[in-house]
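Thanks, everyone, for making time this morning. Please have a look at the model on the screen before I go through its confidence, its nonpolar cores and one helix packing.

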Amino acid sequence: LLTSEVEFLKGVVAMDGLPPSDRLEVCFAGRSNVGKSSLINALTGRRAIARTSNTPGRTQEINYFTAGDSHYLVDLPGYGFAKAPLPVVEKWQLLLKAYLSGRANLRRAFLLVDMRHGVKDVDAEIMKLLNQSAVTFQVVLTKADKLSAAEQEKTLAQVRAALAKHPAAYPELVVTSSEKGAGIPTLRAIIAGLT
Ligand code: GDP
C-alpha cells in the first residue's frame, strides 16, 4: 500500500484545488522540524518523496500524495515557525480550518510530536482545532532514538495528560524513529486498517 505506489499528486492552496474525495485520506500535521518529511519518507519507503513539501513555495501548501488508488496521504504545512508574515499565517489557518471541517473522506489526522519536546502550546491549539472539527487524531511521537526508555516514558505521560481533554484523540500513541525504522510498520498497519 505505502511503498512503491506512492506518488506526489499536487500542492493545494485553496479548497477548490482539493482532489475529488473519492478515496480514504489521512493527513500529517506537526511543528516545523518535527520530522514529518522523514516520517513520510520512511512510511512510503521512498527517500525524498516528501522533500517536495519542504521546498520553498511549497511550504504553505497542502501536499497530496496518492497511495495506489485507495488512499490519499496529505502532508499539511509545518506550523509554529514564526518566519511567515501574518497575512500568510492567517490565510493558512483559514485553509486548515476549512480543510479539517470540510473533508468527508478524511479518516484520521496524525499529529506528530517530537519525543524530546512533548506537546507544546501550538500543538495543543491544533488539537483543539481537530477536536472542534471532529477529526479523529492520533499522536505519533518522532525521533524516539534520541531518548532513553525512561525519558520516553516521561514524554508519553505528558502527552497522555494533554490528550485527556480531547474526545477526538485516539488513545493509542505511536512511538517512531524514522532513522531506525521503529514504529514505521505499526503506523503503516494503522493506515492500511482504516475503513
Ligand atoms: P520536517 O520539517 O518536520 O519535515 O522535519 P524533517 O523530516 O526535515 O526533520 C528535521 C530534522 O530532524 C532533520 O535534521 C532530520 O534528520 C531529523 N530527524 C527526523 N526524524 C528523525 C529521527 O527519527 N531520528 C533522528 N535522530 N533525527 C530525525
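Let me begin with pLDDT, which is the predictor's confidence in each residue, on a scale from 0 to 100. What we have here is a predicted model, and the mean pLDDT of the protein chain is 90, with 90% of its residues reaching 70 or more. The model also scores ipTM 0.99 and pTM 0.94. As a general caution, where pLDDT is low, the predicted coordinates should not be read in detail.

Turning to the interior, the largest nonpolar core comprises 38 residues, and those with the most contacts inside it are Ile62, Leu76, Tyr99 and Phe137. Several elements each supply at least two residues of this core, among them strand 3 (62-67), strand 6 (137-142) and helix 4 (149-163), while helix 2 gives the most, with 5 residues. If we leave aside residues up to four places away in sequence, Tyr99 touches Met15, Leu18, Glu25, Cys27, Ile62, Tyr64, Val74, Leu76 and Leu106. There is also a second, separate core of 20 residues, which includes Val6, Val26, Leu112 and Ile191.

How, then, do helix 1 and helix 5 pack, and at what angle? Helix 1 (residues 36-44) and helix 5 (residues 184-193) have their axes 9 Å apart, at an angle of about 75 degrees, which means that helix 1 is roughly perpendicular to helix 5. On the helix 1 side, Leu39, Ala42 and Leu43 meet Ile184, Leu187, Arg188 and Ile191 of helix 5, and the residues of this contact divide into 6 nonpolar, no polar and 1 charged.

Methods: Residues are numbered from 1 along each chain as its sequence is written. This is a predicted model: local features need pLDDT of at least 70, side-chain atom pairs count only at pLDDT 80 or more; totals for chains, interfaces and linings use all residues. Side-chain values use heavy atoms; hydrogens and water are left out. Axes are lines fitted to C-alpha atoms, for helices over the stretch in contact, and angles run from 0 to 180 degrees between N-to-C directions. Helices (H or I, at least four residues) and strands (E, at least two) are DSSP runs, numbered from the N terminus. Angles under 35 degrees count as roughly parallel, over 145 as roughly antiparallel, 65 to 115 as roughly perpendicular and the rest as oblique. Contact means heavy atoms within 4.5 Å. Ala, Val, Leu, Ile, Met, Phe, Trp, Tyr, Cys and Pro count as nonpolar, Asp, Glu, Lys and Arg as charged, and the others, Gly among them, as polar. A nonpolar core is a set of buried Ala, Val, Leu, Ile, Met, Phe, Trp, Tyr and Cys residues joined through side-chain atoms within 4.5 Å. Buried means under 20% relative accessible area, exposed over 50%, partly exposed in between (1.4 Å probe, protein chains only).
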